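Thanks for sharing this one; here are some notes to read with the model open. They go through charge pairs, then the ligand site, then the interior.

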Amino acid sequence: MIPINILFVNRKEENIVTLKTLLKCNDIGMFFSKSSNDALKLIWEKQIAIVLVDDETPEINSFELAAILQSNPRTRDILIVFLSSWAKETNPQFFKVDNCNVHYLSKPLDHPITLTKVESLIQLARHNADIKQKEEELYNLAIVLNNAAEIVCITDARNYQIKFVNAAVEKILGYSQLESPGRSITDFAIEEQRIDLRIKLAGIVKDKLAYSVFEFEFARYNKSQVWVECRVAYQNKTLLFNISDITQQKNYQDQQIRSKETAERGKKVKENFLANMSHELRTPVNGIIGLTNLLRKTPLNEQQNSMIDMLEVSSQSLLGVINDILDMAKIEAGKFNIIRSSNNLHDLLRSLYGLLKFKADENNIEFLLEIAPDVPVHLMVDSLRLNQVLMNLLSNAIKFTERGYVKLDVSVLEKNGDQVQLKFTVEDSGIGIPENRLSAVFDSFEQAEEDTASKYGGTGLGLAIVKKLVELKGGQLSVASEQGKGSTFSFTNWYATADRPKEKSAFKTEKTLEPFENVKLLVAEDNLVNQFMLSKMLKDWDIEVEMVDNGQKVIEKLLLNHYDLILMDTHMPEMNGYQAAKAIRNNFSDPKRNIPIISLSAASFDYEQEQALVSGMNDVLSKPFQPHELHRKIKKLLKAGDMIKSLV
Ligand code: ADP
């Protein structure tokens, strides 16, 4: 309850005691004063609600006091009670101050009457204080409402006519706040959406929804459009709206969607570019490597033989650079997969050692391999990629070491169930790397010194790829180096231990591959050098070959002739290999529909290989390939027993 303070202006203080006893209220504050000044001071300080003035107080002119109180807005609402021995009607002064806040009690005071009067005045004072408090709250709310950034609007629920709207309607929609009442809120929607808005609001009214949110397009007074979020509540035949401008947010969302689409388009373009580049770069290398292989089988003198050797080294190193660039691009496009399978790690390390040992011997440096005894033999590793990483680090170490040693050390850091954390360390006593270049050597196309390329060759891509490959499976690559003393590159990674891998069928690497008997192949290849190389290679195996240079011609040939197998390039003009394979699988009838097809492509992305299989091809061979790989795949797909001449 609101506490009420009463001031008693009287000659004798004892009178207040009587009144106090009569009122018996705890939440009533009683004050007493003998003089006008004192009374005014108390009124000001104590928030007095009721003043009882005895007109027989000599120092006080009670009417003057009442006039002062009534003239000040802060004290105007104070209830004043004159205690007078004069009859109210006979005192002309009284009428000067008479209003609904001024009351009268005649003396001598009758206790019950006094009590009833004071009690009703207390009620009245409380009521007034309550109203005042509510008024203040309303006043504050009105300020908040008027300053609100969003439109607050009240409409009739039957015809959506605006009863009230705040000033934000001017800022957001450009309509005058004063002229808006009477309009239908649906008039604010853009013309094409007005009916929709009506339907929406009708639904809210029908279901008496206490809360509903939706987005709409409104039209400003100047006809420009604005996106708004409407929060609507139905309440007692009225609709209460909070409408905020979300145009910026919408534009931002649209922009985000557009940039995402652009980024995705860009990514697609980049992927296509990479796929084409991969094809365009590998196809000629395939031709060079293939022709080198063929040339080697022709009668050659010593000089020609050494030229063939050089040709092979050059084409292999060109292929290495192309692969590095494509690997980097694939990693950056997030298209690089590490595929782990059960492998003999010790064998892998030893064969790597064997491969590089002769190079170290050539450079007169010691090459050491140390595998700690607790390193498990069989582990789940991507042997191709682990080989690539170690090959890179070891080749660098050998390349940048003129004397001393290079050492590969493999140890176990930690074990956890079937998981083991290995540390691979490649240490050398070579030229080392200047301290300020240590982190730069991991960046693409960066080398330690400006003259590194001219002295040692290289593209500066190897370590960047190694770092990314190591990190793809959560590993870490680090380097410590001292110029003139040597470098140590090491990386750690977790691997799962594995069962002994299934023995791979022993692959014969004999120089002469078995000829085939009565086999006719259709080859689709648009590169002339590769056409020549393939046709020569296949003819060497006694295969009859017909050559076409696009997918459309494959279809035409197959309609007319019988073939045992098709070798199909994927990227070809007019109709590519995927389309041709699909057309054969869908439009031909048996047995041509089931003719074995090997995709022979310079594609380097896994998804392209998948695409080849999805389009109906039976197997995939990436260019450049080794002749024995192609031979094996053809053999596997044909009914080998019938078609291969026995050599015995
Ligand atoms: P590349 O060897 O093709 O130049 P890398 O990315 O493999 O590219 O190496 C980047 C650079 O890091 C090298 O050019 C060389 O300057 C420096 N570097 C790498 N390994 C070693 C090492 N073992 N000793 C000294 N310098 C090295």
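1. Let's begin with Lys485 and Glu482, whose side chains meet in a salt bridge, with N and O 3.7 Å apart. Please keep in mind throughout that this is a predicted model. How open to solvent are the two partners? Lys485 is exposed, at 57% relative accessible area, while Glu482 is partly exposed, at 45%. In general, side chains of opposite charge can pair when their charged atoms come close.

2. Next, have a look at Lys520 and Glu546, which also form a salt bridge, the closest N and O atoms being 3.6 Å apart. This pair links distant parts of the chain: Lys520 belongs to strand S18 (residues 519-524) and Glu546 to strand S19 (residues 543-548), with their positions 26 residues apart in the numbering. Are these partners buried or exposed? Lys520 has a relative accessible area of 19% and Glu546 one of 18%, so both count as buried, under the 20% cut-off.

3. Helix H14 offers a local example. Asp540 and Lys536 meet through their side chains in a salt bridge of 3.3 Å, N to O. Both sit in helix H14 (residues 528-540), and because they are four residues apart, about one helical turn separates them. Asp540 is partly exposed at 37% relative accessibility, and Lys536 is likewise partly exposed at 34%. Elsewhere, Glu150, Glu229 and Arg231 are joined into one network by salt bridges that share partners.

4. For the overall tally, the count comes to 23 salt bridges. The pairs picked out above, such as Lys520 with Glu546, are examples from that set.

5. Now to the ligand. There are 21 residues around the ligand, and the nearest are Asn396, Asp428, Gln447, Ala448 and Leu463. Which atoms of the ligand meet polar atoms of the protein? A nitrogen atom of the ligand lies 2.9 Å from a polar side-chain atom of Asp428. An oxygen atom of the ligand is 3.4 Å from an N or O atom in the side chain of Lys399. The backbone contributes too: an N or O atom of the Gly462 main chain is 3.3 Å from an oxygen atom of the ligand.

6. Thr401 is worth a click. This residue is in the loop between H11 and strand S14 (405-416). With a relative accessibility of 2%, Thr401 counts as buried. What does its side chain reach? The Thr401 side chain comes to 2.5 Å from the backbone oxygen of Ala397.

7. Finally, the interior space. The structure holds two cavities of 30 Å³ or more, and the largest contains about 140 Å³ of space. This cavity is lined by 13 residues, of which Arg385, Leu386, Leu469, Asn493 and Tyr495 are the closest to its centre. Helix H11 (383-399), helix H13 (462-472) and strand S17 (486-496) are the elements that each give two or more residues to the lining.

8. What is the lining of the largest cavity made of, by class? It has eight nonpolar residues, one polar residue and four charged ones. When you view this region, helix H11 and helix H13 are good places to start, as both contribute to the lining.

Methods: Residues are numbered from 1 along each chain as its sequence is written. This is a predicted model: local features need pLDDT of at least 70, side-chain atom pairs count only at pLDDT 80 or more; totals for chains, interfaces and linings use all residues. Side-chain values use heavy atoms; hydrogens and water are left out. On a 1 Å grid over the protein atoms alone, a cavity is a set of points where a 1.4 Å probe fits but cannot get out, and a pocket is an open set with protein on both sides within 12 Å along at least five of seven lines; lining residues have an atom within 4 Å of a point. Grid points are joined across faces, edges and corners, and a volume is the space filled by probe spheres set on the points. Ala, Val, Leu, Ile, Met, Phe, Trp, Tyr, Cys and Pro count as nonpolar, Asp, Glu, Lys and Arg as charged, and the others, Gly among them, as polar. A salt bridge is a side-chain nitrogen of Lys or Arg within 4 Å of a carboxyl oxygen of Asp or Glu. Buried means under 20% relative accessible area, exposed over 50%, partly exposed in between (1.4 Å probe, protein chains only). A residue is near a molecule or strand if one of its heavy atoms lies within 4 Å of it. A polar contact is a pair of N or O atoms within 3.5 Å; within protein, one must be able to donate a hydrogen and the other to accept it, and residues adjacent in sequence count only if both atoms are side-chain atoms.
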